[in-house]
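Me: I've got a fold on my screen and I'd like to talk it through. Can you walk me through what's packed inside and what sticks out?

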Amino acid sequence: MVKEKPNSTRIYDKEGYRRRAACICVRSEAEAEVLLVTSSRRPELWIVPGGGVEPEEEATLTATREVLEEAGVIGDLGRCLGVFENSEHMHRTEVFVMVVTQELEEWEDSKTIGRKRQWFSIEEALSQLALHKPTQRTYLQQLRHSKHRCPNSAPPIISEHESCDDGDFTIGTPKDENSTPESATAAATPTTAATTTNDSGEMVMTNEEEAVAEERKEAEGGVSPSPAIAADEVEDAGSTNASPPTTPTT
C-alpha cells in the first residue's frame with residue numbers, strides 16, 4: 001500500500017524547489033548504526049524517513065514529525081547535516097541527526113500501511129539505499145564528514161547525485177536566505193499552476209493545483225510524476241524527449 005496524504009499542501013521555496021526534511025536516526029552518539037524504514041512503494045526496499053514541510057512548519061518540526069509517523073521513534077534532535085538539493089526532481093531536503101531515545105511498539109505507518117523499521121550499520125545502510133534511493137547515500141556520507149564540524153557554522157547546500165560512490169557529492173555555499181545557489185538559478189522553472197505565497201515568500205501549492213501543473217508540464221514534454229505519490233518519496237521515473245527526425249528535401 002502506498003502512503004498518501006490527499007489533504008497535504010506542498011511548500012516551495014523562492015527558487016521553486018519543494019521543501020522537505022528528513023532525519024538520520026542513530027542508535028547512540030557513536031553514530032555507528034542508523035535506522036531505515038521500508039518504502040511505501042516497494043516494501044522490500046529501505047529508505048531514510050522524511051517528507052514534505054507543511055505550511056507554517058519549521059524543518060525541525062517536520063523532521064521529528066516524519067520520523068514519529070514513519071519510524072515510530074522519539075529522540076533528541078541534533079545538528080543539521082545540510083540542505084540536500086535534487087535539481088532533477090526539484091526538491092531540497094534539510095537533513096538532521098536524531099539520537100533515538102524511545103522506540104514505539106506500534107506507530108502510525110506500521111498500522112496503516114505495514115511499514116517496518118530496522119537498524120543497520122553505516123556500510124549496510126549504504127548498500128541498502130543503493131538499491132532504491134542512491135541519492136540518500138549522500139546523507140550518510142555527510143554524517144561522517146560533519147561530525148567534527150563547528151556547531152555554529154551554517155549548514156551547507158549539497159547536490160545529490162543519482163549514482164554516488166563514497167565521497168562523491170558536491171558541497172556548495174552555506175544556506176543563506178539572501179543568496180541563491182548557482183544550481184538553483186540554472187534549474188529553477190516558473191510554476192504554471194496558480195499558487196499563493198506565504199509571508200516568507202515561499203510558494204504554496206495544493207495537490208490539486210500541482211496536478212494541473214504537472215498535466216501542463218507533461219503536455220509540453222516534461223516529467224510528470226503522479227499527483228498521488230507517497231509523501232515521503234518523489235517519483236523516480238523520468239522522461240527523455242528527442243526531436244523528431246528531419247525529412248530531407250529534394
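Me: Let's start with helix α4, residues 137-146: is it largely enclosed or not?
Reply: Keep in mind that this is a predicted model. Buried here means under 20% relative accessible area. Eight of the ten residues in α4 meet that, among them Tyr-139, Leu-140 and Leu-143, so the rest of the structure surrounds the helix. The answer is largely enclosed.

Me: Which aromatic residue pairs with Phe-84?
Reply: Searching the whole structure turns up two aromatic pairs. One of them joins Trp-46 and Phe-120, whose ring centres are 5.2 Å apart with planes at 70°, so that one is edge-to-face. The pair with Phe-84 is edge-to-face as well, at 4.7 Å centre to centre and 65° between the planes. The partner is Tyr-139.

Me: How many residues apart in sequence are the parts that Phe-84 and Tyr-139 tie together?
Reply: Both of these residues are buried. Phe-84 sits in strand β6 (residues 73-86) and Tyr-139 in helix α4, so their pairing links parts separated in sequence by 55 residues.

Me: And how far apart in sequence are the parts that Trp-46 and Phe-120 connect?
Reply: These two are buried too. Trp-46 belongs to strand β4 (residues 46-47) and Phe-120 to strand β8 (residues 117-121), so the gap bridged in sequence is 74 residues.

Me: Which element gives the largest share of the largest nonpolar core?
Reply: That core has 20 residues, with Ile-24 and Val-34 making the most contacts inside it. Elements that give two or more residues include β2 (18-26), β3 (33-38), α3 (122-132) and α4. The largest share is four residues, and it comes from α3.

Me: Which residues of α4 does Ile-24 touch?
Reply: Skip the neighbours within four places in sequence, and the contacts of Ile-24 include Val-34, Leu-81 and Val-95. The list also holds three names from the buried part of α4. They are Tyr-139, Leu-140 and Leu-143.

Me: Which residue lies over the face of Tyr-17?
Reply: For a charge to sit over a ring, CZ of Arg has to be within 6 Å of the ring centre. Here the distance from the ring centre of Tyr-17 is 3.9 Å, and the residue is Arg-92.

Me: Last one: is Glu-105 buried or exposed?
Reply: Glu-105 is in the loop between β7 (91-103) and α2 (108-112). Exposed means over 50% relative accessible area. Glu-105 has 78% relative accessibility, so it counts as exposed.

Note on methods
Residues are numbered from 1 along each chain as its sequence is written. This is a predicted model: local features need pLDDT of at least 70, side-chain atom pairs count only at pLDDT 80 or more; totals for chains, interfaces and linings use all residues. Side-chain values use heavy atoms; hydrogens and water are left out. Buried means under 20% relative accessible area, exposed over 50%, partly exposed in between (1.4 Å probe, protein chains only). Rings of Phe, Tyr and Trp (its six-membered ring) pair if their centres lie within 6.5 Å; planes under 30 degrees apart count as stacked, over 60 as edge-to-face and the rest as tilted. A charge sits over a ring if NZ of Lys or CZ of Arg is within 6 Å of the ring centre and within 35 degrees of the ring normal. A nonpolar core is a set of buried Ala, Val, Leu, Ile, Met, Phe, Trp, Tyr and Cys residues joined through side-chain atoms within 4.5 Å. Contact means heavy atoms within 4.5 Å.
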